[in-house]
Amino acid sequence: MSTHLQPKGPTAKGPEQWFTGEVYFNAYYTGQEPSRARLNLVRFTPGAHTAWHQHAVGQTLHVTEGVGYDQTRGQELIELHPGDTVHTPAGEWHWHGAVADQFMCHLALWEAPDPASGEPETTWGDKLTAEEYPA
């Protein structure tokens, strides 16, 4: 086994159907079989956040800077700060993003499901309503 420097891809803008506000990400690692690990750095501008979504195999977020939120449907809102790590189990509907007046960056780590399952890595739902995002 040897260590391999991963290629650097361009920064991509998050698609409007998945995000409210301006969101940018860098895909740092996409594992090759047998690994199905994924690692992205995601940058949320103030007030920007994801739509409701779920991951087939779960997701772990590690906040690197700024202040943000994470919430599982029907659960309490969690305020996130640099150094905080949260895990959302497989199939759990949730959203995350920046507070209204600060940027927030996090590393997102997840796994793709077994290709034989036919499941998508992420299933996207509705955008948050004005009442769901804390103003």
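1. Let's start with the inside of this predicted model. The largest nonpolar core has 13 residues, and the ones touching the most other members are Val 23, Val 42, Phe 44, Met 104 and Ala 108. Three strands each put in at least two residues: S4 (37–44), S7 (59–66) and S12 (104–111). The largest share is from S12, with three residues. As background, nonpolar side chains tend to be buried together in soluble globular proteins.

2. Val 42 is a handy place to look at how that core is put together. Leaving out residues up to four places away in sequence, Val 42 touches Val 23, Tyr 24 and Phe 25, and also Met 104, Cys 105, His 106 and Ala 108. Separate from the largest core, there is a second one of seven residues, with Trp 52, Val 67, Tyr 69 and Leu 128 among them.

3. Now His 49, which sits in strand S5 (residues 49–50). Is it buried or exposed? His 49 has a relative accessible area of 5%, so it counts as buried, the cut-off being under 20%. Its side chain comes to 2.9 Å from the backbone oxygen of Gly 47. Beyond its neighbours within four places in sequence, His 49 is in contact with Trp 18, Phe 19, Thr 20 and Phe 44, then with Trp 95, His 96 and Gly 97, and finally with Leu 128 and Tyr 133. Two of those names have come up already: Phe 44 belongs to the largest core, and Leu 128 to the second one.

4. Thr 88 is worth a click too. You'll find it in strand S10 (residues 85–88). Thr 88 is buried because its relative accessibility is 3%, and the limit for that label is under 20%. Which residues does Thr 88 touch, not counting those up to four places away in sequence? The list is Gly 58, Gln 59, Asp 70 and His 94.

5. Last, the largest pocket, which holds about 350 Å³ of space. Its lining has 20 residues, and Trp 18, Asn 40, Trp 110, Thr 122 and Trp 124 are the closest to the centre. Trp 18 is also one of the contacts of His 49. Elements giving two or more residues to the lining are S3 (23–30), S4, S6 (53–55), S12 and S13 (122–124). S3 gives the most, with four residues. S4 and S12 are on this list and also supply the largest core.

6. On the chemistry of that lining: nine residues are nonpolar, nine are polar and two are charged.

Methods:
Residues numbered from 1 in each chain as written. Predicted model: local features only at pLDDT ≥ 70, side-chain atom pairs only at ≥ 80, totals over all residues. Heavy atoms only, no water. Buried < 20%, exposed > 50% of the residue type's maximum accessible area, 1.4 Å probe, protein only. Contact = heavy atoms within 4.5 Å. Polar contact = N/O pair within 3.5 Å; in protein donor to acceptor, adjacent residues only side chain to side chain. Core = buried A, V, L, I, M, F, W, Y, C linked by side-chain atoms within 4.5 Å. 1 Å grid on protein atoms, 1.4 Å probe; cavity = no way out; pocket = protein on both sides within 12 Å on 5 of 7 lines; lining within 4 Å. Points joined across faces, edges and corners; volume = space filled by probe spheres on them. Nonpolar A, V, L, I, M, F, W, Y, C, P; charged D, E, K, R; others polar.
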